[in-house]
Amino acid sequence: MSFSATQKSTNAQVKSPLKKIVSATVLSTLGTMLCFVPNTFAQQLSGVVLNKQGQPINNATVGLNGDSQQVRTNSLGLFNFTDVKKGVFELHISAKNYGHSNQHITMKEEDITDLSVVLPRSVMEVIDVHATPLHTSSIESALPINVLSEDELKMKQAATLGETLKNEVGVHSSYYGPVASTPIIRGLDGPRVLITQNGLDVGDASRVGPDHVVATETSTATQIEVLRGPATLFYGSGAIGGVVNVVDGRVPTSSDDQVDYLLQYNDVSNEQQASVNIQTGTDNIAFHLDAFWRDSKDYKLAGEADIHNEDHDEGHEDEHEDEHEEHEEHGETRLANSSSTSSGATLGSSYLFEDGFIGFSYGFMDREYGIPGHSHGEEHDDEHEEEHSDHDEEVGVYAKMKQDRWQVLGEYNFEQQFISKIATKFAYSDYQHQEIESGEVGTTFTNKSTEARIDLFHENTAGWQGAWTIHYKSSDFKALGEEAFSPPSKSEMFAVAWLEEKHFGSVLLQLGARVEQVNIDADDSLIGFEDSHQDQHTEPSHDEHHQTLVSFDQQSFTPISASVGLVWNYQPGYNLGFSTALSQRAASAGELFSFGPHIGTNTFEVGAMFDVHQEGDEVHVELAEQAPSVETSLNFDLTFRKFNGDFGYVISAFYNRVDDYYYQRDTGLFFVEEHGHADEHEDEAGLPILVYQQDDVEMYGAEAEFVYQVSSSFKTSLIADYIRARLVNEDGNDNLPRIPPMRVGAIFNYQADKFDSELSVSHYFEQDDVAELETNTDSYTMVDANFNYYINGVGDDLTVYVKAQNLTDEHARVHSSFLKEVAPLPGRNFSVGIRGSF
């Protein structure tokens, strides 16, 4: 018999370049680790994994010491570790369609060769999570966690991250058409939801505006994890609302040979896509290569429904009724300027040794996509037609994004030392986003970001397991051009954190604390309105002296966060998770210093550093008297789980009180620009002026998922989530804008030997808890289905599949989208594709 072992990292990444002092520290640390070779005699640890009927479980995953070593069972259920040192270790065993088991093993002088582990069947998927420094799985966390992996991820992957995750419990999408979309977790998005790749910030500008695409790719990912609720202890104050962690193998930790591929076509936008993942190597050297390509045209709208929302509140005209954003093609109605093209590739390599590894990767990504709501119906010049064939029917505003990203990742395990493991991560990203109008670059956004992190794990001490984290992040962000709405700024964060956990019988207690120092420097900014007025009936002012050059002092914040969580396994197959967290967040540069028209959202954004007020027919702006403060959140989260047997569930409820919450308030005023690039088709009222301000907010809600294995082939699931968000002690309308509506859904899955099929129905209720000047959004129901056919004998597996979305051709608008009135969801569409591995 044979056993396969792989070295695996839970939390380790490093990228270059960094500032010299940080780079020297990281390289010195890694050099020290590589030179340290313990001479401790190794013992053997082996055993068998069985189900309750005494039958062996094949391909079960057995992780030792926080999964720093991992093996899989063979067809007889046997596993074997041959290089285990003396000490106390945690053994974690899991398998598909089974529960999990945690066992503490004490290795002495003798081998352990007769260990027997029995796993109960489970209808709930139990998946290991990489997003936390300490080992956990999707059912072992005090906070609820969503995990997409393997076939489920392949079926749900879409062109954007938000659309990939939008059907997960507690997660919605900002939906900026099909071209850009970010996840909304429990009503929070933007700078409150951190998006990471293998635990490090993606380093893009997706939190600056909804029209900025997330610089990560789902088709080459192996797993996507969503941490609902504050994750500030692991990632910092930018994760006060949650974390989305995209896991891939760009820095390989295994030299096993593996090739995965995917080809797909979708008819709603004539989308074609292809992706490939390749992993190979020798005993000590591992290589990784992945690549993707995607091209899509303008997408079809549902039925013959009008592009405009028919159920506005009375007295509100459609702001876009003159824009003609739809166009006819072969008798079908399509959304103009919604096409996109993207491609990218990543190359990585690692050196694997007995007690760890060190590796690096380089990846690039290019995307070009239209920004719906901005087409002009003009002709391209000849040169532009040749260069941008996707935009040859109409001149519109479109974006070009590119990113280069370097990573270095290292890990070393020490035996019989108080510091049992060091995991280091380093990343450098060079990001650029250009917004192009009529062939001319209007605004260029750049972000050069650097991040370094060192996690120091200590050995099991009196039952406590834990880690210290040292975390550094810097960002050099620039927005340059005629419509740059935020001045260039430099942000720097340094933090230390401490995490501990301990089992007290059936209760797992988790404690943590984090302190940050955040400094933000912004360049001088020109503020004031040359041409602004209250409504289209008021004459604009032409006094150029209303603009003033202002200089900003450095803004410094010291966010502090702490949390207490517990997981109580009050009987076999059941647990209760409870968490309370005090989390603070420093404002982003955009929230503080913005001042200008934002072309992507068709608004004029004003940061919290300014105060806007009206005097007669004129609108004035000046520096705010009150200095900005940190945002402070007190969060309570309660989760009940049942995960063994044919029926399982996860039910969560949360309450979040946020003091000094930053949000955009619609002032009811408008900005009109007569000089420059004013759109001749734009409503004469101009751009609505939105001002960032701070108020106290409370958010609460509930989420539920029920899964029932009706028979060996048939499984059904029910899901529901609800979010309520409002200002505290506010007179009149107190609702926050763009909060997703209540949702319920049902999923039916049938699986046979050669195929499986799934039908899902999701109903989104009407959203009438709206902010001032915000309109209601009608309810709608989406019906989706997919069918997979498995072909044996071609590589390890080959799957031919069909996906159908919006089968009823429902005309639906996403309430949380800035483009609700312009870009409904696509009409009925079908995807066909093949995927496989060898």
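The charged end of Arg453 sits over the ring of Tyr235, with 5.6 Å to the ring centre, in what is a predicted model throughout. An arrangement of this kind also involves Arg192, whose charged end sits over the ring of Tyr661, 3.9 Å from its centre.

**Aromatic pairs**

Between rings, a search of the whole structure finds 27 aromatic pairs. One of them joins Tyr750 and Phe755, whose ring centres are 6.2 Å apart and whose planes meet at 35 degrees, so the pair is classed as tilted, given that stacked pairs have planes under 30 degrees apart and edge-to-face pairs over 60. Tyr750 is partly exposed, with a relative accessibility of 38%, and Phe755 is likewise partly exposed, at 28%. Elsewhere, ring pairs link Phe552, Phe593, Phe595, Phe604, Phe610 and Phe671 into a cluster.

**Strands and their pairing**

An open sheet of five strands, with mixed pairing, runs in the order β11-β16-β17-β14-β15. Its edges are taken by β11 (145-149) and β15 (200-201); each of these has a single partner strand, so one side of each is left without a neighbour in the sheet. Within this order, strand β14 (residues 193-197) and strand β17 (residues 242-247) run parallel and are joined by five bridges, and Leu194 has Val243 in β17 as its bridge partner.

A further set of pairings is built around strand β23 (residues 340-353), which is mostly covered, since ten of its 14 residues are buried. Strand β20 (residues 285-296) pairs with β23 in the antiparallel sense over twelve bridges, and here Trp293 stands opposite Ser343 in β23. Strand β24 (residues 356-370) also runs antiparallel to β23, the two being joined by 14 bridges, and the bridge partner of Thr346 in β24 is Gly363. The strands β23 and β24 form a hairpin, with two residues between them. The three pairings for which bridges have been described are set side by side below.

| Strand pair | Sense | Bridges |
|---|---|---|
| β14 and β17 | parallel | five |
| β20 and β23 | antiparallel | twelve |
| β23 and β24 | antiparallel | 14 |

**Two nonpolar cores**

In soluble globular proteins, nonpolar side chains tend to be buried together. In this model the largest nonpolar core has 33 residues, and those with the most contacts inside it are Tyr299, Tyr780 and Leu825. At least two residues of this core come from each of β24, β25 (398-413), β28 (464-481) and β47 (780-791). Leu825, leaving aside residues up to four places away in sequence, touches Lys166, Tyr175, Tyr299, Tyr780, Met782, Ala812 and Val814.

A second, separate core has 31 residues, including Ile527, Phe557, Leu592 and Ile689. Leu592 lies in helix α6 (residues 589-593) and has a relative accessible area of 0%, which means that Leu592 is buried. Once residues up to four places away in sequence are set aside, Leu592 touches Ile520, Gln555, Phe557, Ala587, Gly607, Ala608, Met609, Phe610, Pro628 and Tyr662; of these, Phe557 belongs to the second core as well, while Phe610 is part of the aromatic cluster. Leu592 and Tyr692 are 100 residues apart in sequence, yet their C-alpha atoms are 7.6 Å apart in space.

**Two buried polar residues**

Is Lys473 buried or exposed? Lys473, which is found in strand β28, has a relative accessibility of 19%, and because the cut-off for buried is under 20%, Lys473 counts as buried. The side chain of Lys473 makes a polar contact of 3.2 Å with the side chain of Asp201. Beyond its neighbours within four places in sequence, Lys473 is in contact with Leu194, Asp201, Thr450, Glu451, Ser491, Glu492 and Met493. Two of these contacts lead back to the open sheet, where Leu194 is paired with Val243 and where β15 spans 200-201.

Asn51 is placed in the loop between β2 (43-50) and β3 (61-64), and Asn51 too counts as buried, at 6% relative accessibility. A polar atom of the Asn51 side chain lies 3.0 Å from the backbone nitrogen of Gln53. Outside its neighbours within four places in sequence, Asn51 is in contact with Ile57, Tyr98, Val118 and Leu119.

Definitions and conventions. Residues numbered from 1 in each chain as written. Predicted model: local features only at pLDDT ≥ 70, side-chain atom pairs only at ≥ 80, totals over all residues. Heavy atoms only, no water. Helix = DSSP H or I, 4+ residues; strand = E, 2+ residues; numbered from the N terminus. Buried < 20%, exposed > 50% of the residue type's maximum accessible area, 1.4 Å probe, protein only. Contact = heavy atoms within 4.5 Å. Pairing = 2+ DSSP bridges. Phe/Tyr/Trp six-rings, centres within 6.5 Å; stacked < 30°, edge-to-face > 60°. Lys NZ or Arg CZ within 6 Å of the ring centre and 35° of its normal. Core = buried A, V, L, I, M, F, W, Y, C linked by side-chain atoms within 4.5 Å. Polar contact = N/O pair within 3.5 Å; in protein donor to acceptor, adjacent residues only side chain to side chain.
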